[in-house]
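Good morning, and thank you for making time for this presentation. Please have the sequence and the coordinates open while I speak.

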Amino acid sequence: MNAEAQKARHAATRVIAVCEVIAQIVARGKDPFLTDVQAQWAAEMGLIRIGEGVAKIPAPVRECFAEQPWRQIIDMRNFAAHQYDDLDPHRVWRTLTVDVPRLRAYLAEVLIPGV
């Protein structure tokens, strides 16, 4: 395995670990999440970590898996990090319960086996 593939595999593995923590946060349900600022902040930090991890997947590798919205994932990190006061908890919930599980599955089933 070349260095680029190793770097991609390592970054993807770390993102998967963050996705699993987010799964634990959302397992309590939507209503508890919407009323728990600590859970919201933890989830937002998870989104930041996901974006940072995706950014560490080398661009040539991301280009080989163009069906994934890499730029949007990285942009969500920037939004969560810099405009956190503007985050809508309902939108964050949707991201956590729809987009994050899809990303986790894609990384585990497609990207990691493909690199």
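I will go through the core, the pockets, and then a few individual residues.

Please bear in mind throughout that this is a predicted model.

Let me begin with the interior. The largest nonpolar core has 35 residues. Those that touch the most other members are F33, I50, I57, W70, L96, L107 and L111. Four helices, α1, α3, α5 and α6, each give two or more residues to this core. Which of them supplies the largest share? That is α1, with 10 residues. As general background, nonpolar side chains in soluble globular proteins tend to be buried together.

I turn now to the pockets. The largest pocket has a volume of about 450 Å³. Its lining comprises 16 residues, and P69, Q72, I73, T95 and D99 are the ones nearest the centre. Helices α3, spanning 37-55, α5, spanning 70-82, and α6, spanning 89-114, are the elements that give two or more residues to this lining. The greatest contribution is from α6, at seven residues. In chemical terms, the lining of the largest pocket consists of seven nonpolar, three polar and six charged residues.

The second largest pocket has a volume of about 340 Å³. Here, too, 16 residues form the lining, and R14, V15, V18, R49 and G53 are closest to the centre. Two elements give two or more residues to the lining of the second largest pocket: α1, which covers 3-26, and α3. The largest share, nine residues, is from α1. The lining of the second largest pocket divides into eight nonpolar, three polar and five charged residues. Helix α3 therefore deserves a second look on your screens, as it appears in the list for the largest pocket, in the list for the second largest pocket and in the list for the core.

Next, an acidic residue in a loop. D36 sits between α2, which runs 30-35, and α3. Is D36 buried or exposed? Its relative accessibility is 18%, and the cut-off for buried is under 20%, so D36 counts as buried. What does its side chain contact? One partner is the side chain of R28, through a polar contact of 3.0 Å. Another is the backbone nitrogen of Q38, which the D36 side chain reaches at 3.0 Å.

Q40 is placed in helix α3. With a relative accessible area of 11%, Q40 is buried. Although 52 residues separate Q40 and V92 along the chain, their C-alpha atoms are 8.2 Å apart.

A66 offers another pair to display. This residue lies in the loop between α4, spanning 59-64, and α5, and A66 counts as exposed because its relative accessibility is 61%. A66 and L87 are 21 residues apart along the chain, and their C-alpha atoms are separated by 27 Å.

Finally, the cysteines. How many disulfides does a search of the whole structure find? The number is zero. A disulfide, in general, is a covalent bond between the sulfur atoms of two cysteines. As for surroundings, C19 has 3% relative accessibility and so counts as buried, whereas C64, at 61%, counts as exposed.

That concludes my presentation, and I would welcome your questions.

Definitions and conventions
Residues are numbered from 1 along each chain as its sequence is written. This is a predicted model: local features need pLDDT of at least 70, side-chain atom pairs count only at pLDDT 80 or more; totals for chains, interfaces and linings use all residues. Side-chain values use heavy atoms; hydrogens and water are left out. On a 1 Å grid over the protein atoms alone, a cavity is a set of points where a 1.4 Å probe fits but cannot get out, and a pocket is an open set with protein on both sides within 12 Å along at least five of seven lines; lining residues have an atom within 4 Å of a point. Grid points are joined across faces, edges and corners, and a volume is the space filled by probe spheres set on the points. Ala, Val, Leu, Ile, Met, Phe, Trp, Tyr, Cys and Pro count as nonpolar, Asp, Glu, Lys and Arg as charged, and the others, Gly among them, as polar. Buried means under 20% relative accessible area, exposed over 50%, partly exposed in between (1.4 Å probe, protein chains only). A polar contact is a pair of N or O atoms within 3.5 Å; within protein, one must be able to donate a hydrogen and the other to accept it, and residues adjacent in sequence count only if both atoms are side-chain atoms. A disulfide is a pair of cysteine sulfur atoms within 2.5 Å. A nonpolar core is a set of buried Ala, Val, Leu, Ile, Met, Phe, Trp, Tyr and Cys residues joined through side-chain atoms within 4.5 Å.
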